[in-house]
Amino acid sequence: MQTGVEEPWLTVGEVAKHAGLSVRTLHHWDQRGLLVASGRSASDYRLYSPADLRRLLQIQHLKSLGLSLDEVAAALSAKDFDAREVLEDHITEVEERIVAEQRLLRTLRALRGPAEAGWREVLSAVAQAQSLRHPQPHVRFRAALDVTSGVPLENLVEQLVSDPEPGVREVLTWAVARHGEAARDALVPLLTHPDPVVRAQAAHALSKVGDISVVPIVAQLLEDDSPVVAAKAAQVLGRFGGPAAQRALVAALGQGPDDVDAAVVAALEHAGDGVVDLLVPLLHGVSPRVRAGAAEALGLIGAPSAAAPLAPLLRDPDSCVRFEAIVALGQLPGDAATAAIEGARSSSDDRLRHIAARLIRDGRTTPRR
């Protein structure tokens, strides 16, 4: 019974009305011990004191943060309750829900096209999109092989950058590339993604799209902090070819880590006509790494005209440059290359003499007089 109080106690119905809750909810909270009415009327009805109402306000505030009833009870009763940890957990959950809702929104927008054809097409596209997110890799792989134009590009790109299986990603790459200009516009922003794996995958996918307008953007990745991304950018530029890609690759030669430099050299082999003229001046560069890299690239390209500018490098002060020069000459056809190799047989560099002798023995013939 309420006695000696200045403020009136409220019945469960009155509390429910003022708090915007149902009587059933208040009964449930009472049974759980979360909000137990402090008093009873003569007819044994629950009566809530001002202190009970203050606790009710606390419960509602905590619930508004997304806490469960168990967490609310712990927060109100435990002295060692870690509010920060609980809030961080709920922040994560809310962020995940937002991401999921944003994904759903993108999917719904992308389904506007199939919706024009009818619900059958919409359901088919939804089913394929769900298969692309299946936990089993072989299901995702099969779904990627079976995708049609009805699957939203957004779904394909999202799965492309998140799928952990390389085989699935490769099939998705081709599925994305089929969208042409739209795929380019969706992939370019990913070149600045914080995850280097995503940046590399986006560059790879752009090489399949084949739009050379992205060459300047991909070229910027040659200076990426991640060697994997920089090496992938070099590979992509080699596939694109053309003057812009060639200039970017030549400028990057000898500037990065060894594995990136190796990727640049390999890309120059496939960068197309005109790259020889860009490489020859580098044979006189200040940096031994640049001279060696240019020599290696010229050897891989195999242009006979490179023999004459390569020959002086057999007397380069740097042993690595001399080595790359003799190996490059060994890959070039023609009398000029053979003559240079013959001359190296009398070099003071033991390794150079041995390589020259081996090249002559394995098929190089004395040049015609």
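Of the 369 residues in the chain, 41% are buried in this predicted model. The chain exposes about 20300 Å², of which carbon and sulfur atoms supply 54%. Its secondary structure comprises 22 helices and 3 strands. When contacts between residues at least 6 apart in sequence are considered, 54% of them join residues at least 24 apart.

Helix α10 offers a first case for inspection. This helix covers residues 166-177, and its 12 residues reach 16 Å from the first C-alpha to the last, close to the 16 Å expected at 1.5 Å a residue. The buried residues of α10 include V168, V171, L172 and V176, and the charged residue R169 is also among them.

A second case is K232, located in helix α14, which spans residues 227-240. K232 is buried yet forms no salt bridge. The nearest side chain of opposite charge belongs to E170 and is 7.0 Å away, whereas a salt bridge requires the relevant atoms to be within 4 Å. Leaving aside residues up to four places away in sequence, K232 touches A200, A203 and H204.

The third case is A267, in helix α16 (residues 258-269). A267 counts as buried because its relative accessible area is 4%, and the cut-off for burial is under 20%. Which residues does A267 touch, not counting those up to four places away in sequence? They are A234, Q235, G238 and L249. For G238, which lies 29 residues from A267 along the chain, the separation between the two C-alpha atoms is 4.3 Å.

Note on methods. Residues are numbered from 1 along each chain as its sequence is written. This is a predicted model: local features need pLDDT of at least 70, side-chain atom pairs count only at pLDDT 80 or more; totals for chains, interfaces and linings use all residues. Side-chain values use heavy atoms; hydrogens and water are left out. Helices (H or I, at least four residues) and strands (E, at least two) are DSSP runs, numbered from the N terminus. Buried means under 20% relative accessible area, exposed over 50%, partly exposed in between (1.4 Å probe, protein chains only). Contact means heavy atoms within 4.5 Å. Accessible areas come from the Shrake-Rupley method with a 1.4 Å probe; for residues, only the protein chains shown count as cover. The expected span of a helix is 1.5 Å times one less than its number of residues.
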